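Student: I would like to understand how the words used for a protein model are justified. Could we take them one at a time, setting each value against its rule?

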Amino acid sequence: RSSFKNNHRSMNPAWIFFICVFVLELVAGYWVNHVNQMLMVDAVSRVANAFYVLNIDPPHLAAIGFVWPPLPSFLELPVLLFWPVFKPLATSALAATVVTAFFTAAGAALIFNCFRRFEVPVWVSSISVALYALNPFIFVYGFNGMSEAIFIFTVVWVVTEFVQWIKDEV
């Protein structure tokens, strides 16, 4: 990884991609989920499960249940702490949008860093990451609140680390 240089004087371009993708996903999710009320039922169920954990007496993680995979609901818990300040986090399932937007943006940053570790030119890396992040399937999964964004991030992480491991071991 010595060829991947980190310049402490300026922001790492991967962070710029992360922030841009995260903001785009949040804006799209707000528009689709809150303004147009086009909610994914599964995403609403996951937010509801997380909401139950925080708003029952006494609070306990068992309220998430195991009807749905518990990881998305568990990840939404910190976001739902801000529900009293911004009600649409729960009422429009925007907590799920925040989580999926985060994982989509993190996936874009991982891909960019992988390209840079292999010394792919910045302009090629940037175009490739933009094409990835703006792919309709990736983009929609990034704001709809479903668990696919978490799965896609995990696959991207595994593949980029596997490729790096192969490079380092050869």
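Tutor: Let us begin with Thr97, which, once its neighbours within four places in sequence are left aside, is in contact with Glu25, Leu26, Gly29, Asn33, Gly142, Phe143 and Gly145. Please keep in mind throughout that this is a predicted model.

Student: What makes Glu25 and the others count as being in contact with Thr97?

Tutor: The word contact requires heavy atoms within 4.5 Å, and Glu25 is one of the residues in contact with Thr97 in that sense. Thr97 itself is found in helix α5, which covers residues 94–117.

Student: Why is Thr97 called buried?

Tutor: Its relative accessibility is 1%, and buried means under 20%, so Thr97 counts as buried. Across the protein, buried residues make up 39% of the 170 residues.

Student: How do you know whether Val129 is buried or exposed?

Tutor: We apply the rule again: Val129 has a relative accessible area of 0%, which is under 20% and therefore gives the label buried. This residue lies in helix α6, residues 122–133, and, leaving aside neighbours within four places in sequence, Val129 is in contact with Phe17, Ala108, Ile111, Phe112 and Phe115. Although Val129 and Phe112 are 17 residues apart along the chain, their C-alpha atoms are separated by 6.2 Å.

Student: Val129 also appears where α1 packs on α6, so what makes those two helices roughly parallel?

Tutor: In general, two packed helices are described by the angle between their axes and the distance between the axes. For α1 and α6 the angle is about 20° and the axes are 12 Å apart. Angles under 35 degrees count as roughly parallel, and therefore α1 and α6 are given that description. The contact is made by Phe17, Val21 and Glu25 of α1 together with Ser126, Val129, Ala130 and Ala133 of α6, and the crossing is right-handed.

Student: Let us turn to the aromatic rings. How many aromatic pairs are there?

Tutor: Rings pair if their centres lie within 6.5 Å, and by this rule the count comes to 10 aromatic pairs. One of them joins Phe18 and Phe22, with 5.8 Å centre to centre and 10° between the planes.

Student: What makes the pair of Phe18 and Phe22 a stacked one?

Tutor: Planes under 30 degrees apart count as stacked, and an angle of 10° satisfies that condition, so Phe18 and Phe22 form a stacked pair. They are 4 residues apart in helix α1 (residues 13–35), and are therefore separated by about one helical turn. Phe18 is buried, and so is Phe22.

Student: How do you know which label the pair of Phe102 and Phe103 receives?

Tutor: Their planes stand at 90°, with 5.4 Å centre to centre; since an angle over 60 counts as edge-to-face, Phe102 and Phe103 form an edge-to-face pair. Both of them belong to one aromatic cluster, formed by Trp15, Phe18, Phe22, Phe102, Phe103, Phe153 and Trp157.

Student: Why is Phe102 called partly exposed, and why is Phe103 called buried?

Tutor: Phe102 has a relative accessible area of 40%, which is neither under 20% nor over 50%, so Phe102 is partly exposed. Phe103, at 14%, falls under 20% and is therefore buried.

Student: What makes the charged end of Lys87 count as sitting over the ring of Trp83?

Tutor: One part of the rule asks for NZ of Lys within 6 Å of the ring centre, and the other asks for a position within 35 degrees of the ring normal. The charged end of Lys87 is 4.0 Å from the centre of the Trp83 ring, while that of Lys167 sits over the ring of Phe118 at 5.5 Å from its centre.

Student: Finally, what is remarked about the phi of Glu119?

Tutor: Most residues other than glycine have a negative phi. Glu119, however, has a positive phi near 60°, and its place is in the loop between α5 and α6. At 54% relative accessibility, which is over 50%, Glu119 therefore counts as exposed.

Conventions:
Residues numbered from 1 in each chain as written. Predicted model: local features only at pLDDT ≥ 70, side-chain atom pairs only at ≥ 80, totals over all residues. Heavy atoms only, no water. Buried < 20%, exposed > 50% of the residue type's maximum accessible area, 1.4 Å probe, protein only. Phe/Tyr/Trp six-rings, centres within 6.5 Å; stacked < 30°, edge-to-face > 60°. Axes fitted to C-alpha atoms, helices over the stretch in contact; angles between N-to-C directions. Parallel < 35°, antiparallel > 145°, perpendicular 65-115°, else oblique. Left-handed = near helix turned anticlockwise from the far one by under 90°.
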